[in-house]
Amino acid sequence: MLLKLLFRSFSSTSKPFKCSAVKAMGRKFTVGGNWKMNGDKATYDGLIANLTSNCLDKEVDVVIGAPACYLEYVRTKLPSTIGVAAQNCFYKKSGAFTGEISPEMILDNKCDWVIIGHSERRQIFGETDQMIAEKVNYALSVGLKVIFCIGETLEEREAGKTHEVCFRQMQAAADKVKNWDNVVVAYEPVWAIGTGKVATPEQAQDVHAALRTWAKDKLSPEIAEGLRIIYGGSVTADNAPSLSKQPDIDGFLVGGASLKPEFVKIINCKSD
Ligand code: PEP
């Protein structure tokens, strides 16, 4: 009920978005909503109504990360213009891997994205750089698009190791992945995830630019030029516009705010 009221008040107060706005952009702005292990069908109905009843910037790729058991439900209810992602997968087609899901199963549910390497997978479930690289490579090989998450902890940042850690995570993937067309890199400093402590636009831009330079040197200038690098960590409707103006920030991965009406404002932050 509270959610419904929030949506109603948001819809009536938000500025109407001009659907015809077209932007010249090399790398398509991409906004992912990571619902994590939150909500139920009733919650999703409200979130989906928010996405479908508001006008979304057509120049933005929108992807919703839903819990595995709701992938089909969410896919069926969202329009095909919005992608649906699993939040994890294993690197085998099938077998005795209790509790895991395969990329093929994600595709079988008509979903074409997967989030891999989220810091919660790395930190709580002990996923290593190598395991994550296997997952990214396998998911790509069967045709999924991948949001590949990297980022440093607070301790690593304070030790001046931000670039080193991000490059190490990238290199592990680069050892396996040769075609980066369907990879979106999500730079998510761990200290900014779910904490309300967003990176400043300058901090985020610094890492994004370093990642693009790394990609130019280690992958190729063409891959670096086309690589979408999105930022995640306490993004809100208030801070999204200034972050989105940075030249190397190509979108966002959004946790908490993707469960709120303001998610639409984040999607439309370049054009509102
Ligand atoms: C996330 O989970 O990927 C995330 C960025 O969360 P939040 O926006 O809540 O910090």
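**Exercises: parallel strands and a ligand shell**

Let's start with strand S2: Val60, Val62 and Ile64 point one way from S2, while Asp61, Val63 and Gly65 point the other way, and all are buried (buried is under 20% relative accessible area, exposed over 50%, partly exposed in between, with a 1.4 Å probe and protein chains only). Strands and helices here are DSSP runs, numbered from the N terminus: E with at least two residues for strands, H or I with at least four for helices.

A quick word on the model: it is predicted, so local features need pLDDT of at least 70 and side-chain atom pairs count only at pLDDT 80 or more, while totals for chains, interfaces and linings use all residues. Residues are numbered from 1 along each chain as its sequence is written, and side-chain values use heavy atoms, with hydrogens and water left out.

**Exercise 1.** Work out why strand S2 is largely enclosed by the rest of the structure.

*Solution.* Step one: take the strand, residues 60-65. Step two: check burial. Six of the six residues are buried, so S2 is largely enclosed. Step three: look at one of them. Val63 lies in S2 and has a relative accessible area of 3%, so Val63 counts as buried.

**Exercise 2.** Find which strands pair with S2, and by which helices the chain crosses between them.

*Solution.* Two strands pair if DSSP finds at least two bridges between them. Step one: strand S1 (residues 29-34) runs parallel to S2, joined by six bridges; Val31 has Val62 as its bridge partner. Step two: on to strand S3 (residues 82-86), which is parallel to S2 with four bridges. Here Val62 stands opposite Ile82. Step three: add the helices. S1, helix H2 (residues 41-53) and S2 form a right-handed β-α-β unit, and S2, helix H3 (residues 71-77) and S3 form a right-handed one too. Right-handed means that, with the strands pointing away from the viewer, the path from the first strand over the helix to the second runs clockwise.

**Exercise 3.** Follow the pairing from S3 through S4 to S5.

*Solution.* Step one: S3 and S4 pair in the parallel sense over two bridges, with Ala86 and Val114 as bridge partners. The chain gets from S3 to S4 through helix H4 (residues 103-108), in a right-handed β-α-β crossover. Step two: S4 (residues 113-116) has Trp113 and Ile115 pointing one way and Val114 and Ile116 the other, all buried. Step three: S4 pairs with strand S5 (residues 145-150), again parallel, over four bridges, and Trp113 sits opposite Lys145. As a link back to S2, Val63 and Trp113 are 50 residues apart in sequence and 7.8 Å apart in space, C-alpha to C-alpha.

**Exercise 4.** Describe the shell around the ligand and its polar neighbours.

*Solution.* Step one: 14 residues surround the ligand, and Lys36, Glu188, Gly194, Ser234 and Gly255 come nearest (a residue counts if one of its heavy atoms lies within 4 Å). Step two: list distances to ligand oxygen atoms. A polar side-chain atom of His118 is at 2.9 Å, a backbone N or O atom of Ser234 at 2.7 Å, and a polar backbone atom of Gly256 at 2.8 Å. Step three: turn to area. Taken alone the ligand exposes 290 Å², and the protein buries 95% of that (Shrake-Rupley method, 1.4 Å probe).

Notes:
A polar contact is a pair of N or O atoms within 3.5 Å; within protein, one must be able to donate a hydrogen and the other to accept it, and residues adjacent in sequence count only if both atoms are side-chain atoms.
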